[in-house]
Amino acid sequence: MGYVAIKGGGQAIQGAEEVLEALRTAEGEHGTPLTMQAIENQLRLLTSRIVSEGGLYHPQLAALAIKQSQGDTLEAAFALRAYRSTKPRLLETSAQDTGSMRLIRRISSAFKDIPGGQMLGPTYDYALRLMRLDLANESAETFRAVAREFLAETPEPNLPDTFPKVVEALRAEGLLPPVENHTETPFDITREPLIFPVPRSAALATMARAETGSILALAYSNMRGYGDVHPTVAELRVGYLPVMLPHPITGEPVEVGEVLMTECEVVAMYEDDDSKGAPTFTLGYGACFGHNEVKAIAMAILDRALQKGMRDGPSNPSEDPEFVLLHIDGVDSMGFASHYKMPHYVTFQSDMDRLRTTQKKHESVKQQDVNEGVQ
Amino acid sequence: MSAGYNFGFLDEHAKKEVRRAILKAISIPGYQVPYSSREMPMGRGFGTGGLQLTLSLIGANDTLKVIDQGSDDSVNAVNLRQFIEMTCPGIDTTTHLSEATLIQSRHRIPETPLKPEQVLVLQVPYPDPLVVVEPSEDKRKIMHGEADYARLLVKLYEDIVKFDEITISHRYPTRINDHYVIDPSPIPRWDVPKLDNSPALVLFGAGREKKIYAVPPHTKGEPLAFEDVPFRVESFNDAQGKRRACARCGATDSFLDEFMNEDGSKRYQCSDSDYCDETLQASKMTEAATYA
Amino acid sequence: MNNHLNTTLQPTLPTTLLSIWQADTQQRAFRKIMNAFARPGVIETLESEALLLTLATLLDGATTFADFDGILSEHDMARLEVATATAEQARFVLTHGEAAPAFTPSLGTLESPDMGATILLKIQAIGSGHRLKLTGPGVDGACEVAVNGLHPAWITAHQSWNSAFPLGVDFLLVAEHQVMALPRTTRIEGIK
């Protein structure tokens with residue numbers, strides 16, 4: 001009779017690491033390792049997704065996370081998040097004004113013309129999704145020529161540094177309520193647990209680093225009819241936000257860098273509201289690190305849905321803060337799904353014990369019925 | 001892009017938060033104290049709650065034992081131990097329960113009774129036993145505060161009506177100090193009585209659900225049951241009613257893992273590998289003494 | 001720098017004052033404080049003056065603190081980097097034990113009893129003085145302790161504030177290098 005080896009776990013883990021590395025380098029002699037620059041630039045939307053879901057604006061580290069996780073977005077965001085959690089917080093910014101963003105793209109679906117004008121910018125929205133076979137065997141020379149020619153041929157743009165925000169125009173007209181002056185400190189989801197009910201700032205922060213597919217699925221349920229936001233995109237903007245920090249000596253705000261971000265504001269129909277005043281449109285807000293338009297739109301819709309749920313009680317999953325906020329985090333959900341792969345021998349043994357006991361009882365009751373039937 | 005990490009991986013503020021939560025968890029036995037729960041470099045569900053407790057407790061003078069399914073050599077136990085060794089230079093690790101000052105475990109409480117100076121940290125996937133009857137945490141918190149477990153008892157009762165037996169196999173709801181009912185983590189029922197009047201402090205950490213709770217030493221821990229349908233631990237008796245023994249060490253007083261042999265027959269062996277080793281060692285010594 | 005030379009020639013400095021701010025000192029202190037909370041009646045001896053070491057171990061900017069009697073120096077308060085609140089609202093309150101309580105601390109709520117305050121009572125001595133009998137979680141049966149310089153009104157207050165479990169407050173008695181906890185679940189009787 002053989003005994004089950006009590007050694008081996010450590011070796012198995014070591015072996016798993018080695019075979020993962022072997023697969024990463026499986027191209028062998030002709031392989032070229034991916035550079036951080038190639039990932040950050042050529043896979044820029046993937047990098048965007050990781051900085052957003054990782055909750056840390058560090059595109060180079062995001063690129064590294066993508067490389068080491070062999071392109072698994074959940075794993076890459078996770079690595080970045082875990083790195084972030086070991087770093088002390090040295091300074092805090094005050095609330096930043098997205099009106100000061102240096103834009104690469106902004107559109108409004110509410111108005112044909114908006115102050116400052118529509119700017120389509122880099123988007124796949126109107127691209128034909130045909131396979132570009134020319135890219136399959138792209139030479140280094142043609143690759144390098146593209147950006148060179150673009151820069152040479154494009155005239156110096158005559159663009160202002162910043163653009164006014166569309167919602168400001170709606171506010172000026174009284175179609176949206178004026179901005180409330182919030183004085184309370186925003187909820188910090190990295191330092192405080194979510195205890196429901198939570199303030200809107202906690203919901204926004206949770207959604208800003210949500211897993212893209214998860215937040216999209218919940219927002220989509222609202223769009224399809226499990227909810228009734230019926231949004232209009234007042235403005236979607238993508239660009240670089242200057243980050244201002246107070247100067248350590250003077251206290252004056254100084255620019256310390258910029259982050260690429262996406263912001264979306266959706267306007268929804270006005271609602272019956274027993275509070276004072278004339279009815280106005282309502283607003284849903286979405287914003288996240290990186291260039292992630294679908295995520296920002298999904299977030300704006302859910303923000304609007306959650307505001308309704310927080311006020312009147314949820315009538316759909318997408319209006320329920322607990323349901324939405326506890327199920328959109330990629331690190332939480334992927335970790336838990338993965339943990340089912342771990343050994344569960346003890347609990348399964350316990351499960352079998354219960355089932356066998358219950359089966360035995362069932363058997364004996366059946367037997368008793370048969371005996372009684374005979375008599 | 002250097003990645004220098006603090007002793008214990010977590011920064012000192014994160015540890016302080018966990019430590020404050022631990023003191024409240026001890027002061028309010030069985031109450032789930034919320035905390036912010038930092039991301040750890042292993043998956044949520046792989047013991048990140050237990051790990052944050054361990055890393056907030058551990059110091060250079062500690063000797064750590066990490067077990068999963070009762071075994072020190074299970075892949076997850078190895079992984080966690082290696083991570084703690086890497087981030088806590090100077091600590092000692094052991095597989096012998098008697099040498100450990102700090103024990104992190106998943107799914108088992110060691111067979112040998114703990115000593116008062118030891119601390120047991122259990123990893124928790126689902127901290128709230130009320131989740132089966134109430135999905136909203138908001139409402140569950142009120143039910144816990146009022147010690148209102150009527151709906152949970154009804155659920156157990158329905159089981160008895162349907163199956164003539166309480167079907168909960170592990171994670172058996174256990175009432176602490178006559179108030180809070182806890183999910184004792186996925187330990188088998190076999191281990192639940194060890195929580196009652198335990199000589200050592202037991203801490204529970206749920207990383208994904210962001211909760212810490214405790215069963216202090218010498219505290220009442222009572223599995224929920226009915227007078228006519230008592231709480232029962234797993235049975236390891238064979239068809240003739242004889243207690244099965246561990247095929248390796250011969251113990252007849254331990255929780256056994258069941259193995260399938262190639263020929264379809266079954267074999268039983270201690271789940272607690274250290275206990276199995278100790279029993280084997282002791283029986284060899286007795287044998288040697290007998291033949292001497 | 002020659003380390004060997006450094007350690008042999010270094011005069012003995014009052015290092016305890018500095019070391020209370022160090023992570024490893026706080027880790028060791030926490031384990032003792034935790035054991036005190038887990039075992040009411042057990043007296044733990046910390047490696048330096050218990051009051052400041054306990055505060056340094058438990059407080060930071062993420063919690064709130066009230067120094068009700070102004071026991072701490074301005075310098076130590078600044079060093080703790082903790083947000084201050086009134087004794088009625090703070091999560092941690094420090095006060096002298098010799099006078100009767102002059103405030104009502106936060107008892108938490110039914111849903112969040114952990115919001116109930118932790119009160120640090122500075123007294124003259126633990127281990128001598130008036131004898132108390134303790135029972136409850138963490139105590140194997142019953143135990144006896146003695147305290148010196150604790151106004152009896154604190155025992156009455158402990159009982160009344162903790163009369164509606166899970167609401168309540170948790171006491172940590174502090175004297176010189178020693179600490180002893182009386183969490184909300186502990187029942188205290190004076191021994192005549």
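Reader: How many residues of domain 1 of chain A are in contact with residues of domain 2 of chain A?

Author: This is a predicted model. In it, twelve residues of domain 1 of chain A are in contact with twelve residues of domain 2 of chain A. Domain 1 spans 32-88, and domain 2 is made of 98-125 + 160-333. Their C-alpha centres lie 24 Å apart.

Reader: Which helix gives the most to the side of domain 1 of chain A that touches domain 2 of chain A?

Author: That is α3(A), with six residues. By class, this side of domain 1 has six nonpolar, three polar and three charged residues.

Reader: How are two packed helices described?

Author: Two numbers serve: the angle between the axes and the distance between the axes. Take α1 (residues 12-27) and α2 (residues 48-57) of chain B, which pack at about 100° with axes 9 Å apart. Angles of 65 to 115 degrees count as roughly perpendicular, so α1(B) is roughly perpendicular to α2(B).

Reader: Which residues make that contact?

Author: B:Lys15, B:Val18 and B:Arg19 come from α1(B), and B:Gln52, B:Leu53 and B:Ser56 from α2(B). They divide into two nonpolar, two polar and two charged residues.

Reader: How many residues of chain A are in contact with chain B?

Author: 45 residues of chain A are in contact with 58 residues of chain B. On the side of chain A, the elements giving two or more residues are α1 (9-24), α4 (59-68), α5 (73-84), α12 (330-339) and α13 (345-374). α13(A) gives the most, with eleven residues. The residues on this side of chain A divide into 20 nonpolar, 15 polar and ten charged.

Methods
Residues numbered from 1 in each chain as written. Chains lettered and ligands numbered in written order. Predicted model: local features only at pLDDT ≥ 70, side-chain atom pairs only at ≥ 80, totals over all residues. Contact = placed C-beta atoms within 7 Å. Helix = DSSP H or I, 4+ residues; strand = E, 2+ residues; numbered from the N terminus. Nonpolar A, V, L, I, M, F, W, Y, C, P; charged D, E, K, R; others polar. Axes fitted to C-alpha atoms, helices over the stretch in contact; angles between N-to-C directions. Parallel < 35°, antiparallel > 145°, perpendicular 65-115°, else oblique. Domains from an automatic or database assignment.
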